[in-house]
Structure formats: C-alpha cells, structure tokens
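Colleague: Got a minute to go through this model with me? Put it up and I'll ask as we go.

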Amino acid sequence: MNGAEALLRTLVDGGIEVLFTNPGTTELHLVGALESVPELHGVLALFEGVVSGAADGYARIAGKPAATLLHLGPGLAYGLTNT
C-alpha cells in the first residue's frame, strides 16, 4: 500500500463513497490508486466549480458526505468560488 491508497482508504473509513475529481498532474497518483480501492467511486469533472457543486449536491441529496480532489491552490480557489 502506498500513500495515495492509504489516503483513499482513510476517506472510505470516514464514510466517503464518492470522490469528485478535477485532478492535475500532481494528483495522478491518487487517480491511479482509485483502482485499488473499489469502495470509492471516482467521478471526473472538467472544472473545479463543477466538482465542488457536484459534491455539495450529492451530499444534500444522499444525506452523506462526498470528497473532492482539486488541483493544488488554484483548483481549490476555483472550487471555493462555488460556495
């Protein structure tokens, strides 16, 4: 088990079932580790605002949290503009 898989398994242990992603090159290890954690379903989006909006909508409808994977600082800033 590597660090990426350990992080994803920690999300699963915390009750996360869906990971909405807009990864960049530095996050590709996490995307690759999704194959080894079948309990976590990854959803790819093309813009950080879509990722944060989808995670918010999922949490409101499903009644359980979702996680986001955004690209470094700029991706986080784009995602925060959706709040």
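Colleague: Is Lys64 buried, partly exposed or exposed?

Modeller: Lys64 is partly exposed, because its relative accessible area is 31%. Buried means under 20% relative accessible area, exposed over 50%, and partly exposed in between, with a 1.4 Å probe and protein chains only.

Colleague: Before we go on, what sort of model is this?

Modeller: This is a predicted model: local features need pLDDT of at least 70, side-chain atom pairs count only at pLDDT 80 or more, and totals for chains, interfaces and linings use all residues. Residues are numbered from 1 along each chain as its sequence is written, and side-chain values use heavy atoms, with hydrogens and water left out.

Colleague: Back to Lys64. Which side chain does Lys64 meet in a salt bridge?

Modeller: That of Glu17, at 3.0 Å from N to O. A salt bridge here is a side-chain nitrogen of Lys or Arg within 4 Å of a carboxyl oxygen of Asp or Glu. The pair links distant parts of the chain, 47 residues apart: Lys64 is in the loop between helix 3 and strand 3, and Glu17 is in the loop between helix 1 and strand 1. Helices (H or I, at least four residues) and strands (E, at least two) are DSSP runs, numbered from the N terminus.

Colleague: And how exposed is Glu17?

Modeller: Glu17 is partly exposed, at a relative accessible area of 37%.

Colleague: How many salt bridges are there in the whole structure?

Modeller: A search finds 4. One of them joins the side chains of Arg9 and Glu39, at 3.4 Å from N to O. Arg9 sits in helix 1 and Glu39 in the loop between helix 2 and strand 2, so that pair also links distant parts of the chain, 30 residues apart. Arg9 counts as partly exposed at 27% relative accessibility, and Glu39 is partly exposed at 44%.

Colleague: What about Asp56, which residue does that one bridge to?

Modeller: Arg60, with the closest N and O atoms 2.9 Å apart. Asp56 and Arg60 are separated by about one helical turn because they are 4 residues apart in helix 3. Asp56 counts as partly exposed at 36% relative accessibility, while Arg60 counts as exposed at 66%. Elsewhere, salt bridges that share partners join Glu5, Arg9 and Glu39 into one network.

Colleague: New topic, the sheet. What is the strand order?

Modeller: The order is 2-1-3, in an open sheet of 3 strands with parallel pairing. Two strands pair if DSSP finds at least two bridges between them. Strand 2 (41–44) and strand 3 (67–70) stand at the edges with a single partner strand each, so one side of each has no neighbour in the sheet. From one strand to the next, the twist averages 25 degrees.

Colleague: How many bridges hold strand 1 to strand 3?

Modeller: Strand 1 (residues 18–22) pairs with strand 3 over 4 bridges, in the parallel sense. Asn22 stands opposite Leu70 in strand 3. Helix 3 packs on the sheet and touches strand 1 and strand 3, and its direction makes about 165 degrees with that of strand 1. Axes are lines fitted to C-alpha atoms, for helices over the stretch in contact, and angles run from 0 to 180 degrees between N-to-C directions. Contact means heavy atoms within 4.5 Å.

Colleague: Anything odd in helix 3? What is the situation of Glu48?

Modeller: Glu48 is buried yet has no salt bridge, and the nearest side chain of opposite charge, Arg60, is 19 Å away. For charge, Lys and Arg count as positive and Asp and Glu as negative, while His and the chain ends are not counted. Leaving out residues up to four places away in sequence, Glu48 touches Asn22, Leu70, Gly75, Tyr78 and Gly79.

Colleague: And Ser52, buried or exposed?

Modeller: Ser52 counts as buried, at 16% relative accessibility. Ser52 also lies in helix 3, and beyond four places in sequence it touches Thr68, Gly79 and Asn82.

Colleague: Last one, helix 1. Which residues there are buried?

Modeller: Ala4, Glu5 and Leu8. They lie on the same side of helix 1, because they cover an arc of only 95 degrees around the axis; the arc is that of the directions from the helix axis to the C-beta atoms. Gly3, Thr10 and Asp13 are exposed on the other side. The cover over the buried residues of helix 1 includes strand 1 and helix 2 (28–33).
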